[in-house]
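This report introduces one protein chain to a reader who has not met it before. Please look over the sequence and the model before reading on.

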Amino acid sequence: MTSPADAADPTAPTSPMTGPDPATGPNPMTDSRPDPLDTALRLVRAQTAVVKRFDASLSGLHGVSLSDFTLLLHLAQAPGGRMRRVDLAEALGLTASGVTRGLAPLERIGLVTREAAARDARVAYAALTPTGRERLAEMLHTARQVAAEHFAPAQWSTEDLTQLSALLTRLGGTAPESRHIPRP
């Protein structure tokens, strides 16, 4: 809680719940650090914009979402093109039921199949089908085009992309290793 004295002091820290005075906004002369909540919300909005851009292209051309594409990409990078469903859920940051819901439509259209473990029938694998592998190659081409357009050199320098990548990694935004991303 701020005291009346703090409220009059322009250098007093702001609460994350209230932030800077809504009437005047942040004061660059007195605020030396950007508001972390504002920064987090900008990141969320940027992520939403990127997802919308990928979803529009991937669904329009291939009938899949960015989430579907990411799931297929994880399977393609796994040894033998298959993963235990529980490991896939962990890799994607989903619950087991969330990955099951994500796999169901991909199984129906023949991109993924369910395999039982030879030694333990309780263990289920999700495996990329040959059709899934072919379609993923097409999706990768589209995804690379979308990324290239989004991060066009006219707007993003190599240094910008390197710094953004490093900052996102620091935030926990790891991605599949590019050396394991199948090339067309």
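## Ala124 and its contacts

Apart from neighbours within four places in sequence, Ala124 is in contact with Met83, Arg84, Arg85, Arg114 and Glu115. The model is a predicted one. Ala124 itself lies in strand E3.

One of these partners, Arg85, is 39 residues away from Ala124 in sequence. In space, the C-alpha atoms of Ala124 and Arg85 are 6.2 Å apart.

## The chain as a whole

The protein chain has seven helices and three strands. Along the sequence, their order is α-α-α-β-α-α-β-β-α-α.

Of the 184 residues in the protein chain, 24% are buried. The accessible surface of the chain is about 12,600 Å², and carbon and sulfur atoms account for 58% of that surface. Taking contacts between residues at least 6 apart in sequence, 53% join residues at least 24 apart.

## Arg85 in helix H4

Arg85 belongs to helix H4. Is Arg85 buried or exposed? Its relative accessible area is 9%, and Arg85 is therefore buried, the cut-off being under 20%.

Which residues does Arg85 touch, leaving aside neighbours within four places in sequence? Val99, Thr100, Leu103 and Glu107 are among its contacts. Arg114 is also in contact with Arg85, as are Ala124, Tyr125 and Ala126.

## The buried side of H4

Helix H4 covers residues 85-92, and Arg85, Leu88 and Ala89 are buried in this helix. The three cover an arc of only 100° around the axis, so they lie on the same side of H4.

The buried residues of H4 pack against two helices and three strands, listed here by name: H3, H5, strand E1 (82-84), strand E2 (112-116) and strand E3 (124-128). Just after H4 comes Gly93, which has a positive phi of about 75°.

## H3 against H5

Helix H3 is formed by residues 66-77 and helix H5 by residues 96-108. These two helices pack with their axes 10 Å apart, at an angle of about 90°. Because of that angle, H3 is roughly perpendicular to H5.

On the H3 side, the contact is made by Asp68, Leu71 and Leu72. On the H5 side, Val99, Gly102, Leu103 and Leu106 take part. By type, the residues of the contact of H3 with H5 are five nonpolar, one polar and one charged.

## Gly102 in helix H5

Gly102 is found in helix H5. With a relative accessible area of 19%, Gly102 falls under the 20% cut-off and so is buried. Leaving aside neighbours within four places in sequence, Gly102 is in contact with Asp68 and Leu71. Asp68 and Leu71 are H3 residues in the contact with H5.

How far apart in sequence are Gly102 and Ser67? They are separated by 35 residues, while their C-alpha atoms are 8.0 Å apart in space.

## Points to keep in view

Arg85 connects several of the parts described above. Arg85 is one of the buried residues of H4, and its contacts include Val99 and Leu103. Val99 and Leu103 also belong to the H5 side of the contact with H3. Ala124 of strand E3 is likewise in contact with Arg85.

Methods:
Residues numbered from 1 in each chain as written. Predicted model: local features only at pLDDT ≥ 70, side-chain atom pairs only at ≥ 80, totals over all residues. Heavy atoms only, no water. Axes fitted to C-alpha atoms, helices over the stretch in contact; angles between N-to-C directions. Helix = DSSP H or I, 4+ residues; strand = E, 2+ residues; numbered from the N terminus. Parallel < 35°, antiparallel > 145°, perpendicular 65-115°, else oblique. Contact = heavy atoms within 4.5 Å. Nonpolar A, V, L, I, M, F, W, Y, C, P; charged D, E, K, R; others polar. Buried < 20%, exposed > 50% of the residue type's maximum accessible area, 1.4 Å probe, protein only. Arc of directions from axis to C-beta. Areas by Shrake-Rupley, 256 points an atom, 1.4 Å probe, with all protein chains shown as cover.
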